[in-house]
Amino acid sequence: MYTKIASLDRVTRPSLMEVAMQVGDVLSKKTHARVVTVRMNETVGVAAQLMRASNVSALVVKDVVRTEGNTAVGMFTERDVVRAVAEKGSAGVNVKVSQLISVQKLVACSSSDSLEHVRHLMNVHHIRHLPVIDDFSLTGVISMRDVSSAFDDAMGGATTQTAASSLFCGRGP
């Protein structure tokens, strides 16, 4: 006789709140953890080339101010490239990155934040990438894909573990 893994009831599966992962856990597992940045006075063309060369879909935008050092001020994404070209045509590649990002308030997280909190921030602000800032220093970037994969891994691992426990303890249909 065999046990159907799909027949596990919801009581044995952990909820998202029970999977209390933190941003730092995800960042430590990323194989390509290099943060790619662009200065806000660069052009869309330069930013797009940097994204292509680095194989990333978002850049952290930095403002270099002599009195404050390197400061993260926003995110520049593939959507911003498309917006610049859609609005300006081929001249869009000459638009400054600073003209396309909102610098009023940077939405960011820290490595000690829960993934549930990060997911909430992304949903509320309609964004897919968050810079991770610890002690006023940029330490990484977490994406919606990172969050989704972490939840999938945790939920899949919990389901597999529960199913194996049922099989080895003689509990099953």
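Is E116 buried or exposed? Please keep that question in mind; I shall return to it when we come to the salt bridges. Good morning, everyone. The structure before you is a predicted model, and I shall take it in three parts: the nonpolar cores, a hairpin, and the salt bridges.

I begin with the cores. The largest nonpolar core has 17 residues, and those that touch the most other members are V44, L59, V61, F76 and V97. At least two residues of this core come from each of α2, β2 (58–65), β3 (69–77) and α3 (78–88). Helix α2 provides the largest share, 3 residues. A second core, separate from this one, has 16 residues, among them V107, L115, V132 and F151.

Let us look at helix α2 itself, which covers residues 44–54. Its buried residues are V44, G45, A47, M51 and S54. Directly after the helix comes N55, with a positive phi near 55°.

F76 deserves a moment of its own. Which residues is F76 in contact with, once neighbours within four places in sequence are left aside? The list includes V44, A47 and M51, and these three residues are also among the buried ones of helix α2. F76 is in contact with S57, A58, L59 and V61 as well. The remaining contacts are V81, V97, L100 and I101.

The second part is the hairpin. Strand β4, residues 129–134, pairs with strand β5, residues 137–143, in the antiparallel sense, and the pairing runs over 6 bridges. Within this pair, L130 of the one strand stands opposite I142 in β5. Between the strands there are 2 residues, and D135 in this hairpin has a positive phi near 50°.

The third part concerns the salt bridges. How many does the structure hold? There are 4 salt bridges.

In one of them, the side chains of K30 and D146 meet at 2.9 Å, N to O. This pair joins distant parts of the chain, as the two residues are 116 residues apart. K30 lies in the loop between α1 (23–29) and β1 (37–39), whereas D146 belongs to helix α5, residues 144–168. K30 is partly exposed, with a relative accessible area of 27%. D146 has a relative accessibility of 16% and therefore counts as buried.

Another salt bridge lies within a helix. E87 is paired with R83, and their closest N and O atoms are 3.9 Å apart. Both residues are in helix α3, 4 residues apart, which is about one turn of the helix. E87 counts as exposed because its relative accessibility is 55%. R83, with a relative accessible area of 32%, is partly exposed. These two residues also belong to a network of salt bridges that links D80, R83 and E87.

I now come to the pair that holds the residue of my opening question. R119 forms a salt bridge with E116, with the closest N and O atoms 2.5 Å apart. Why are R119 and E116 separated by about one helical turn? The reason is that they are 3 residues apart in helix α4, residues 115–125. R119 is partly exposed, at a relative accessible area of 26%.

E116, to answer the opening question, is buried: its relative accessible area is 19%. The cut-off for buried is under 20% relative accessible area, so a value of 19% falls within that class.

Thank you for your attention.

Technical notes
Residues numbered from 1 in each chain as written. Predicted model: local features only at pLDDT ≥ 70, side-chain atom pairs only at ≥ 80, totals over all residues. Heavy atoms only, no water. Buried < 20%, exposed > 50% of the residue type's maximum accessible area, 1.4 Å probe, protein only. Pairing = 2+ DSSP bridges. Core = buried A, V, L, I, M, F, W, Y, C linked by side-chain atoms within 4.5 Å. Contact = heavy atoms within 4.5 Å.
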